[in-house]
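Visitor: I'd like to learn how to read a structure like this one. Could you walk me through it?

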Amino acid sequence: MIQELHDIQAAAGATFAELATKEIVPVSFGNDAEAIAATKKGVALYDRTHWGRIQIADSDRLRFLHNQSTNNFNILKPGQGCDTVFVTSTARTIDLATAYATEDAVLLLVSANRRHQLLELLDRYIFPMDRVELTDLTDTTIAFSFIGPESTQLLEKIGVTELENRPYATHKLINFAGMEVRVAVGSGLATPGYTLIAPASDAAKLWHELVKAGAVPMGDRVWEQLRIEQGRPAPDFELTDDYNPLEARLLHTITYDKGCYIGQETIARLNTYKGVKQQLWGVQLSGAVEPGTTVTIGEEKVGKLTSFTETESGFFGLAYIRTKAGGEGLKVQVGAVSGEVVNVPFLSS
């Protein structure tokens, strides 16, 4: 089923690569500049099928997820959703996930390289008395995202009008061209858009219909550039055992008054005592530099570069910078390259 999707994508010029997690993804459609332009003036279509989709069902599902991550699940009604962070017992970041509450389940969209870890983590915390059912839907579903200012107009073309101006992660199950598709507000980036989840059996047909409606196919390489430019932290780069959600500036995912959950004590203490020693920022760079490079001011080490990309407007990175060193406008050195600390839209939204 997914091979049929890949065949259509290959016919449209896609080149593919295998991730460390073994998923095959379209890296580029040979149209990177056009795809970037579409995210700014039109609609780009990004294949997120390699991301994980985990379903949590049965009557204790909201309470269970409420106790496992940073956001408030107990208030979610069917058709609503939120971003949440899964953390270790010492509040170190594992993954940034998006949750969609339905009538009888919660669907989590998680990073490809955290899917198995999160399945194991969640399974470990299901106790005999818990009415919780965990299912990995990754291989039986697909996920696509619209990214760009014309996304709402494109949705209208396919008959969806109810989600305009609705809160982030609001979602609805629709019937489109004989296919059952869940459409949710949010592109996964700071750019406006929507995310669509559907059965894997409809993958090729849905992709074809969306491109026919005017969406410009976009590969993983452009997504990676955009996520760095916009400041979306990613596992193995910004989300690791070295950092917590407050340092990653994922404040929209944290509910401080929700009661006990894994990592809660550490997060509450950091917030109460203003204990955040470093924060994630964008860095405009004068040249290319490897992630992992130390950030300095004079002889003093003030941080570390975690991601790097080259954009049409120059070189750009994400870095954790010591809070006491300063923030936006700070002039720094990253290895042999000079840089200036800037804000990024994903972290300031």
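Visitor: How do helix 1 and helix 6 run relative to each other, roughly parallel or roughly antiparallel?

Guide: Under 35 degrees counts as roughly parallel, over 145 as roughly antiparallel, 65 to 115 as roughly perpendicular and the rest as oblique. Angles run from 0 to 180 degrees between N-to-C directions, with axes fitted to C-alpha atoms, for helices over the stretch in contact. Here helix 1 (residues 2–11) and helix 6 (residues 203–212) pack at about 30°, axes 7 Å apart, so they're roughly parallel. Helices (H or I, at least four residues) and strands (E, at least two) are DSSP runs, numbered from the N terminus.

Guide: A quick note: this is a predicted model, where local features need pLDDT of at least 70, side-chain atom pairs count only at pLDDT 80 or more, and totals for chains, interfaces and linings use all residues. Residues are numbered from 1 along each chain as its sequence is written, and side-chain values use heavy atoms, leaving out hydrogens and water.

Visitor: Which strands are the edge strands of the open sheet?

Guide: Two strands pair if DSSP finds at least two bridges between them. Five strands line up in the order 5-6-7-4-8, with antiparallel pairing. Strand 5 (81–87) and strand 8 (133–136) are the edges, each pairing on one side only. Strand 8 pairs with strand 4 (residues 52–57) over four bridges, and Leu-134 in strand 8 is the bridge partner of Ile-56.

Visitor: What lies across strand 6?

Guide: Helix 4 (residues 115–124) lies across strands 4, 5, 6, 7 and 8, at about 15° to strand 4; contact means heavy atoms within 4.5 Å.
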